[in-house]
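Me: I'd like a close look at how one pair of packed helices sits together, and then a walk outward from there to the parts around it. Could you take me through it step by step?

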Amino acid sequence: MANILIADDDEAVQQIVKILLQRSGHDVVGASDGRTALQTFRERDFDLLIVDIFIPGMDGLETMKKVHEHRPGVPIIVISGHAFSARCTPPPDFLTMATKLGAACSLQKPFKSAVLLENIARCL
């Protein structure tokens with residue numbers, strides 16, 4: 001199957017996704033910040049990156065940009081659970097922004113396991 005890197009600072013999300021993907025036959029490595037994710041990506045041959053938009057060190061959009069500079073064709077799935085308050089009108093749509101910047105797709109947390117697996121299959 002595929003070698004997948006997941007970058008998310010929420011340990012619970014990272015572990016749940018890792019278990020789901022490992023059960024589907026994928027080799028999965030986790031990173032809790034953007035800088036570590038980028039370094040790990042450069043050290044191994046990953047087929048796919050799953051990255052949260054709001055991670056420390058280097059946000060997901062910057063991480064995505066750097067990964068594409070290193071390997072332009074690698075598919076990236078961007079995820080986010082961030083919600084903005086009603087005071088921010090209209091709220092920024094970072095998921096759409098990520099897709100415009102080259103993400104293969106974007107998912108709003110919480111997402112269903114089947115939806116993640118469908119998107120991974122489509123990307124690979």
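Reply: Happy to. Let's start with helix 1 (residues 11-23) and helix 5, which pack at an angle of about 60° with their axes 11 Å apart. At that angle the two helices are therefore oblique to each other, and their crossing is right-handed. On the helix 1 side, the contact is made by V17, L20 and L21; on the helix 5 side, S113, L116, L117 and I120 take part. Please keep in mind that this is a predicted model.

Now stay on helix 1 and look at Q14, which belongs to this helix. Is Q14 buried or exposed? Its relative accessibility is 5%, so Q14 counts as buried, the cut-off being under 20%. A polar atom of the Q14 side chain lies 3.2 Å from the backbone oxygen of A31. Apart from neighbours within four places in sequence, Q14 is in contact with I6, D8, G30, A31 and S32.

Two of those partners lead us onward. A31 is also in contact with A7, a residue of strand 1 (residues 3-7). A7 has 0% relative accessibility and so counts as buried. Beyond its neighbours within four places in sequence, A7 is in contact with A31, A37, I50, V51, D52 and I55. The C-alpha atoms of A7 and D33 are 6.3 Å apart, although 26 residues separate them along the chain.

The other partner is D8, whose side chain makes a polar contact with the side chain of K109 (2.8 Å). This lysine sits in the loop between strand 5 (105-108) and helix 5 (113-123), which brings us back to the second helix of our pair. K109 has a relative accessible area of 18% and is buried. Not counting residues up to four places away in sequence, K109 touches D8, V13, D52, I79, S80 and G81. D52 therefore deserves a second glance: among the contacts of A7 we find D52, and K109 touches D52 as well.

Right after this lysine there is a detail worth checking on screen. The peptide bond from K109 to P110 is cis, with omega near -10°. Most peptide bonds are trans. P110 lies in the loop between strand 5 and helix 5.

From A7 we can also step across to another helix pair, since A37 is one of its contacts and A37 in helix 2 helps to meet helix 3. The axes of helix 2 and helix 3 come within 10 Å and cross at roughly 15°. That makes helix 2 roughly parallel to helix 3, and this crossing is right-handed. G34, A37, L38, F41 and R42 in helix 2 meet T63, K66, V67 and H70 in helix 3.

Finally, look at helix 3 (residues 60-70) itself, where G60, L61, T63, M64, V67 and H68 are buried. Seen down the helix axis, these buried residues fall within an arc of 160°, so they line one face of helix 3. They pack against helix 2 (34-43), strand 3 (48-52), strand 4 (76-80) and helix 4 (94-100). At the start of helix 3, a side-chain oxygen of D59 reaches to within 3.0 Å of the backbone nitrogen of L61.

Technical notes
Residues numbered from 1 in each chain as written. Predicted model: local features only at pLDDT ≥ 70, side-chain atom pairs only at ≥ 80, totals over all residues. Heavy atoms only, no water. Buried < 20%, exposed > 50% of the residue type's maximum accessible area, 1.4 Å probe, protein only. Helix = DSSP H or I, 4+ residues; strand = E, 2+ residues; numbered from the N terminus. Arc of directions from axis to C-beta. Contact = heavy atoms within 4.5 Å. Polar contact = N/O pair within 3.5 Å; in protein donor to acceptor, adjacent residues only side chain to side chain. Axes fitted to C-alpha atoms, helices over the stretch in contact; angles between N-to-C directions. Parallel < 35°, antiparallel > 145°, perpendicular 65-115°, else oblique. Left-handed = near helix turned anticlockwise from the far one by under 90°.
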